[in-house]
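Work through the exercises below with the sequence and the structure at hand, and try each task before reading its solution.

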Amino acid sequence: MEDCIFCKILKGEMPSHAVYEDEHILAFLDIFPHTKGHTLVVPKKHGETVFDLDPHMREVLMSGVQKTMERIDSVLHPDGYNVGWNHGKDAGQVVPHLHVHIMPRWKGDGGGSMHSIIKNPGDEKPEEVAKLFM
Ligand code: 5GP
Ligand code: ZN
């Protein structure tokens with residue numbers, strides 16, 4: 001997409017600091033890192049969310065994430081990771097080109113877990129929500 005900043009990075013029209021690259025993904029350092037080595041794994045084909053991924057890309061994205069983590073592990077030796085993505089504006093997605101955040105974590109770094117993103121489960125108990133899936 002013409003005005004997509006991550007497509008521009010993929011085309012080399014904007015600079016980035018690459019961490020890992022293969023034929024399907026480019027992983028580069030986040031420009032406003034939340035932890036040392038905060039990395040974004042970006043599919044080379046534009047799509048806004050995982051729902052836009054073609055079946056092949058669905059299969060290879062996780063492999064790209066794992067290889068990027070192995071690279072970070074060998075260079076920075078963190079104690080752990082938070083890995084995930086913001087899907088949709090209301091969940092915090094700002095750049096409309098799918099990207100998986102990899103945040104390396106260190107013992108005592110003061111951060112939380114995925115559970116610290118939100119605690120607002122609504123009034124229905126899990127048993128009631130489960131009925132909707134039947
Ligand atoms: P989102 O909120 O969409 O999940 O995250 C977008 C991320 O992209 C943010 O963490 C932001 O710092 C990062 N970002 C935005 N623009 C650029 C850029 O031009 N270069 C790089 N490397 N990261 C960017
Ligand atoms: Zn794009």
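**Exercise 1.** In this predicted model, determine whether Asp54 is buried, partly exposed or exposed, and then describe the salt bridge that Asp54 forms.

*Solution.* The relative accessible area of Asp54 is 28%, and since buried means under 20% and exposed means over 50%, Asp54 counts as partly exposed. The salt-bridge partner of Asp54 is Lys45, and the closest N and O atoms of the two are 3.3 Å apart. Lys45 has a relative accessible area of 56%, which is over the 50% cut-off, so Lys45 counts as exposed.

**Exercise 2.** State how many salt bridges there are, and work out which parts of the chain are tied together by the one between Glu21 and Lys44.

*Solution.* The count comes to three salt bridges, and one of them joins Glu21 to Lys44, with the closest N and O atoms 2.7 Å apart. To see what this pair connects, place each residue in turn: Glu21 belongs to strand S1 (residues 18-21), while Lys44 sits in the loop between strand S3 (39-43) and H2, so the salt bridge ties together parts that are 23 residues apart in sequence. Lys44 is partly exposed, at a relative accessible area of 33%. Glu21 also has a place in the strand pairing, where Glu21 stands opposite Leu26 in S2.

**Exercise 3.** Follow the pairing from S1 to S2 and on to S3, giving the sense of each pairing and the number of bridges.

*Solution.* Begin with S1 and S2, which run antiparallel and are joined by three bridges; the hairpin that connects them passes through three residues. The next step leads from S2 to S3, an antiparallel pairing that extends over five bridges, and within it Leu29 stands opposite Thr39 in S3. Strand S2 (residues 25-29) is itself mostly covered, given that four of its five residues are buried.

**Exercise 4.** Describe the geometry of the aromatic pair and explain which elements it ties together.

*Solution.* The count comes to one aromatic pair, and its members are Phe6 and Phe28, whose ring centres are 5.5 Å apart and whose planes make an angle of 80°. An angle over 60 degrees counts as edge-to-face, and the pair is accordingly described as edge-to-face. Phe6 lies in helix H1 (residues 5-10) and Phe28 in strand S2, so the pair ties together parts that are 22 residues apart in sequence. Both Phe6 and Phe28 are buried.

**Exercise 5.** Find the strands that pair with S5, and then trace the side-chain partners of Arg105.

*Solution.* Five of the six residues of strand S5 (residues 100-105) are buried, so this strand is largely enclosed by the rest of the structure. S3 and S5 run antiparallel and are joined by three bridges, and in this pairing the bridge partner of Leu40 is His101. S4 also pairs with S5 in the antiparallel sense, over five bridges, with Arg105 in S5 as the bridge partner of Gly80.

Turning to the side chain, Arg105 forms a salt bridge with Asp109, the closest N and O atoms being 2.7 Å apart. Arg105 counts as buried because its relative accessibility is 15%, whereas Asp109, at 36%, counts as partly exposed. The side chain of Arg105 is also joined to that of Asn82 by a polar contact of 2.5 Å. Asn82 lies in strand S4 (residues 80-84), and its contacts beyond four places in sequence include His101, Ile102 and Met103, as well as Gly112, Ser113 and Met114.

**Exercise 6.** Locate Thr68, decide whether Thr68 is buried or exposed, and describe the surroundings of its side chain.

*Solution.* Thr68 is part of helix H2 (residues 55-76), and because its relative accessibility is 0%, Thr68 counts as buried. A polar atom of the Thr68 side chain lies 2.7 Å from the backbone oxygen of Gly64. Setting aside residues up to four places away in sequence, Thr68 touches Val19, Tyr20, Ile25, Ala27, Thr39, Val41 and Ile102.

**Exercise 7.** Establish how many disulfides the structure holds, and say whether Cys4 and Cys7 are buried or exposed.

*Solution.* The structure holds zero disulfides. Cys4 has a relative accessible area of 5% and is therefore buried, and Cys7, with a relative accessible area of 7%, is buried as well.

Terms used:
Residues are numbered from 1 along each chain as its sequence is written. Chains are lettered from A and ligands numbered from 1 in the order in which they are written. This is a predicted model: local features need pLDDT of at least 70, side-chain atom pairs count only at pLDDT 80 or more; totals for chains, interfaces and linings use all residues. Side-chain values use heavy atoms; hydrogens and water are left out. Helices (H or I, at least four residues) and strands (E, at least two) are DSSP runs, numbered from the N terminus. Buried means under 20% relative accessible area, exposed over 50%, partly exposed in between (1.4 Å probe, protein chains only). A polar contact is a pair of N or O atoms within 3.5 Å; within protein, one must be able to donate a hydrogen and the other to accept it, and residues adjacent in sequence count only if both atoms are side-chain atoms. Contact means heavy atoms within 4.5 Å. A disulfide is a pair of cysteine sulfur atoms within 2.5 Å. A salt bridge is a side-chain nitrogen of Lys or Arg within 4 Å of a carboxyl oxygen of Asp or Glu. Two strands pair if DSSP finds at least two bridges between them. Rings of Phe, Tyr and Trp (its six-membered ring) pair if their centres lie within 6.5 Å; planes under 30 degrees apart count as stacked, over 60 as edge-to-face and the rest as tilted.
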